[in-house]
Amino acid sequence: MLFEPLQIGPVRTKNRFFQVPHCTGMGTLYPHHTAKLREMKAEGGWGVVCTELCGIDPHTDVSPFSFEKIWSDDDIPGLQLMVNAVHRHGALAGIELVHEGSAASNRLSRYRAQSASARPTRGMPTQVRALDRDDILEVRQSHRRAALRAKRAGFDIIYVYASHTLSILTDFLSERVNRRDDDYGGALENRARLLKEVLSDTKDAVGDQCAVALRFGVDEVLGKDGYGWQDDGRRVVEMLADVPDLWDVNVNNLDFDMMTSRFTDEGYQEPFTSFVKGVTDKPVVGVGRYTSPDRMVSLIKKGVLDLIGAARPSIADPFLPNKIRDGRIEDIRECIGCNMCLSMQYAGGPIRCTQNPTIGEEWRRNWHPEKIQRRKSDARVLVVGGGPAGLEAALALGKRGYEVALAEARDVLGGRVTQESQLPGLRAWSRVSDYRTYQLSQMQSVQTFLESDMQVEDVLVGEFGDIVIATGSKWQRNGIGRCLRQAFDGCTHEAVYTPDSVFAGAVIEGPIVIYDDESYYMGGVIAEKLSKEGHAVTLMTPEAEVSGMLRFTGELQSVQTRMHELDVRIASNRKLVSFDGSSVTSACVYSGRLHVQEAASLVVICLREPNDRLYKDLLNRKSDWPGLGVRSVTLIGDCYAPGTIAEAIYAGHRFAREFQEVQDQNEDFRLERIVLEESSLQQRCTTVPE
Ligand code: ADP
Ligand code: SF4
């Protein structure tokens, strides 16, 4: 069923796997990177592969971030690289055209952001321009020109985009934004006018050859503050039912659309989008972090969707469709729903993924997600530490054909992933170790030794020429981190705990203060765990908000809400001063004013210290190495420098890829450079009608 073709307007997809548009943080600035990344999806079996958001003109300029644009004919060749790459594997190429309305930063173009009615610009102390009739006409013409360019570039599916509060079309649609009193405001028929016009302009311009898709957020997920799938969202689908060739449906709320596994399960969008199939006869694609083939089949059988949409599952495993086709279900590298991929879009920089270390590196480092170069020698490699870094290093070295011994001190593999996935909401993270542990169990070339706490004498036995140390890190208890430069008074008190104590099952007495100077997820999930165990918990942070770094994963609001729901007391803008076993003293980060609070226990989340004792012991025995045949000892992952799980996986993978291959690591990646030609110096942005 998943491999049946489907007609979408004038084009036909070979199967039901649809990589919906998703950001990569690369776009127009990195055309070869982008083309190769998308090509991997097509090679991996996705029937449709789309671009990310593609701005139609300089009114949609998201600088300083990079994304696609089709402002002029000069943008066509870059996009054509992607189209051709996707077509090479028999997939259809889709492009998501957008006018971002009030969401555009326009820091490069310096055009004033536009919207239906006056409102503040995002992130700047300015207001948008409320469009007049001439401006509206120009938006329509510009979208039409962009669609024609996209058709010339060879795209098969051309999107009209009205979702994620990132489109001028939803600015007009939403009563929350649109306060106009002309025929583009007021009744829904009026608020939907621009959407209808752009849709019909696009069909008229390119509909002969290209399918026209409407990506529509059917619900704002804002309760009574926004439109919902039962009212205006549904009425828009009814109004336009058979106009687009394809409905790509999700929610008009980017944070919810991309919600993590901490807050949502697979299929979390179905309650919002499943009505659409009952309203239209056109094909429907939708998303929900689908990785289970059974679930996919049932969605089609039950008439919820015609095409299985995926962004994150296709990032974590570009070869997911082929693996399903070939019955290799255990080989699927399932998305864990952590949003590391999204975070780079917000933080600025090319995409990365916890599960798939090759994403974004397909062109730059020539890394294929499923293929790896054969071994260069008969070298035997010892990997010490079975956390994400060690697991991935052993797996990738094993795939290369090297003989590997993986030694892990505990009686279970997975390192921090195994521990952290026990915390509330992080269960899906165990997929990082489950996938790798299973793969290793199928490999002849890798032998795993549990309960093997390696000391220097165990390593220097003359059996291994190359040694990889992936022994991780441990949480510090002195409070030194982003805010504190020195240990706080009382840090050696026995009632001071760290995340490691929580993993070890320490009995922590309440009332509890958690001092979170990391500002990532750990403070919030430990607060959730201890609060659910019935303790009075205060989450103290030097920042203004709890878990501030989660603004990059789109979880910031959900975390604050969760803490309030659990009655976790928030003490923000406070730095730790001292703890005496019965109270915590903290100081306001601005005024220095002291505050004393009752606490029987203090959980400190600050820096981690690399577990590099074994490495140092080995260095002290360097003179013995030649006699024992030791050529290299390499630190990877958290014991090199503590970081994210994604960084540890990447480090393990990179070590294995480069082992006996790369001489100069600084020269081992390619850059896309701008080549200046006389003609390019003359170029202008073509916004005039053709
Ligand atoms: P990373 O994220 O870098 O992979 P982790 O902390 O998740 O780091 O994993 C490190 C793993 O190394 C843990 O499972 C730990 O038990 C293991 N380990 C630490 N020291 C030794 C050692 N001397 N011998 C074997 N395993 C070790
Ligand atoms: Fe999934 Fe996390 Fe990878 Fe994103 S980074 S695709 S959420 S595993």
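Modeller: In what follows, Ala, Val, Leu, Ile, Met, Phe, Trp, Tyr, Cys and Pro count as nonpolar, Asp, Glu, Lys and Arg as charged, and the others, Gly among them, as polar. This is a predicted model, in which local features need pLDDT of at least 70 and side-chain atom pairs pLDDT 80 or more, while totals for chains, interfaces and linings use all residues. Residues are numbered from 1 along each chain as its sequence is written, chains are lettered from A and ligands numbered from 1 in the order in which they are written, and side-chain values use heavy atoms, without hydrogens and water.

Colleague: How does the shell around ligand 2 divide by class?

Modeller: The shell around ligand 2 has 8 nonpolar, 3 polar and 1 charged residues. Among the residues around ligand 2 are Arg 312, Gly 337 and Cys 338; a residue is near a molecule if one of its heavy atoms lies within 4 Å of it.

Colleague: What makes the approach of Ala 389 to ligand 1 a polar contact?

Modeller: A polar contact is a pair of N or O atoms within 3.5 Å. A backbone N or O atom of Ala 389 lies 2.9 Å from an oxygen atom of ligand 1, so the pair qualifies. The protein covers 92% of the 580 Å² of accessible area that ligand 1 has on its own (Shrake-Rupley method, 1.4 Å probe).

Colleague: Why are β19 and β26 called paired?

Modeller: Two strands pair if DSSP finds at least two bridges between them; 2 bridges join β19 to β26, so the criterion is met. Strands here are DSSP runs (E, at least two residues), numbered from the N terminus. Val 496 stands opposite Leu 602 in β26.

Terms used: Helix = DSSP H or I, 4+ residues; strand = E, 2+ residues; numbered from the N terminus. Polar contact = N/O pair within 3.5 Å; in protein donor to acceptor, adjacent residues only side chain to side chain.
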